[in-house]
Amino acid sequence: MAVPTPNAETRWRCTLCGNLTRFDVTRSTKAVEFVHLDLAGEPRVEERDVLSETIESVRCRWCNAVDQIELVDRPSTNASA
């Protein structure tokens, strides 16, 4: 079961404990990377192009609930005077 990804207007919330800030996310990523090896052979990724990414599961760090995550609206950043 794929988990919906938060965007600029939404964020995750645990339906069991209300956590909004701490999650363990398991994701699958398919990417092309340009890897530069220095003269000693140490690799460094200089460019990364993500071809696809799927969030497989989200676990709440507070209560350990697995796949009990919902999307909720982010609070408004426009404070009224």
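How many bridges join strand 2 to strand 3? The legends below take up that pairing and other details of a predicted model.

**View 1. Strand 2 and strand 3 form an antiparallel pair.** The count is 15 bridges. Strand 2 covers residues 23-37. Strand 3 covers residues 43-60. One partner pair is Val 25 with Val 58, the latter in strand 3. Ile 55 also belongs to strand 3. With a relative accessibility of 7%, Ile 55 counts as buried, because buried means under 20%. Ile 55 and Arg 27 are separated by 28 residues in sequence. Their C-alpha atoms are 4.2 Å apart in space.

**View 2. Gly 41 sits in the hairpin of strand 2 and strand 3.** The hairpin has 5 residues between its strands. Gly 41 takes a positive phi, near 95°. A second view of positive phi, at Asn 64, follows later.

**View 3. Strand 1 and strand 4 pair in the antiparallel sense.** Here DSSP bridges number 5. Strand 1 spans residues 10-14. Strand 4 spans residues 69-73. Arg 13 stands opposite Glu 70 of strand 4. These two residues also form a salt bridge. Their closest N and O atoms lie 2.9 Å apart. The pair links distant parts of the chain, 57 residues apart. Are the two partners buried, exposed or in between? Glu 70 is partly exposed, at 29% relative accessibility. Arg 13 is partly exposed too, with a relative accessible area of 28%.

**View 4. Side chains alternate along strand 1.** In a regular strand the side chains alternate between the two faces of the sheet. Which residues of strand 1 point to the buried face? Thr 10, Trp 12 and Cys 14 point to one face and are buried. Arg 11 and Arg 13 point to the other face and are not buried. Thr 10 has a relative accessible area of 13%. That value makes Thr 10 buried, because the cut-off is under 20%. Beyond its neighbours within four places in sequence, Thr 10 contacts Leu 71, Val 72, Asp 73 and Arg 74.

**View 5. Asp 24, Arg 59 and Arg 61 share one salt-bridge network.** Arg 59 forms a salt bridge with Asp 24. The closest N and O atoms of that pair are 2.2 Å apart. Arg 59 lies in strand 3 and Asp 24 in strand 2, so this salt bridge ties together parts that are 35 residues apart in sequence. Arg 59 is partly exposed, at 28% relative accessible area. Arg 61 forms a salt bridge with Asp 24 as well. For that pair, the closest N and O atoms are 2.8 Å apart. Arg 61 lies in the loop between strand 3 and strand 4, so its link to Asp 24 in strand 2 ties together parts 37 residues apart in sequence. Shared partners join the three residues into the network. Across the model, the count comes to 6 salt bridges.

**View 6. The largest nonpolar core holds 9 residues.** They are Val 3, Trp 12, Cys 14, Phe 23, Ile 55, Val 58, Cys 60, Ala 65 and Ile 69. Strand 1 and strand 3 each supply at least two of them. Which strand gives the most to this core? Strand 3 does, with 3 residues. Phe 23 is one of the core residues. Leaving aside neighbours within four places in sequence, Phe 23 contacts Trp 12, Arg 13, Cys 14, Val 58, Arg 59, Cys 60, Arg 61 and Ile 69. Among these contacts, Trp 12, Cys 14, Val 58, Cys 60 and Ile 69 belong to the core.

**View 7. Asn 64 has a positive phi.** The value is near 65°, in a residue other than glycine. Where does Asn 64 lie? Asn 64 is found in the loop between strand 3 and strand 4. Its relative accessible area is 48%. Asn 64 is therefore partly exposed, because exposed means over 50% and buried under 20%.

**View 8. Val 35, Leu 37 and Val 45 make a nonpolar surface patch.** The patch measures about 240 Å². Leu 37 is found in strand 2.

Notes. Residues are numbered from 1 along each chain as its sequence is written. This is a predicted model: local features need pLDDT of at least 70, side-chain atom pairs count only at pLDDT 80 or more; totals for chains, interfaces and linings use all residues. Side-chain values use heavy atoms; hydrogens and water are left out. Helices (H or I, at least four residues) and strands (E, at least two) are DSSP runs, numbered from the N terminus. Buried means under 20% relative accessible area, exposed over 50%, partly exposed in between (1.4 Å probe, protein chains only). Contact means heavy atoms within 4.5 Å. Two strands pair if DSSP finds at least two bridges between them. A salt bridge is a side-chain nitrogen of Lys or Arg within 4 Å of a carboxyl oxygen of Asp or Glu. A nonpolar core is a set of buried Ala, Val, Leu, Ile, Met, Phe, Trp, Tyr and Cys residues joined through side-chain atoms within 4.5 Å. Patches are made of residues with over 30% relative accessible area and no salt bridge: like charges are joined within 9 Å, nonpolar side chains (Val, Leu, Ile, Met, Phe, Trp, Tyr) within 5 Å. Accessible areas come from the Shrake-Rupley method with a 1.4 Å probe; for residues, only the protein chains shown count as cover.
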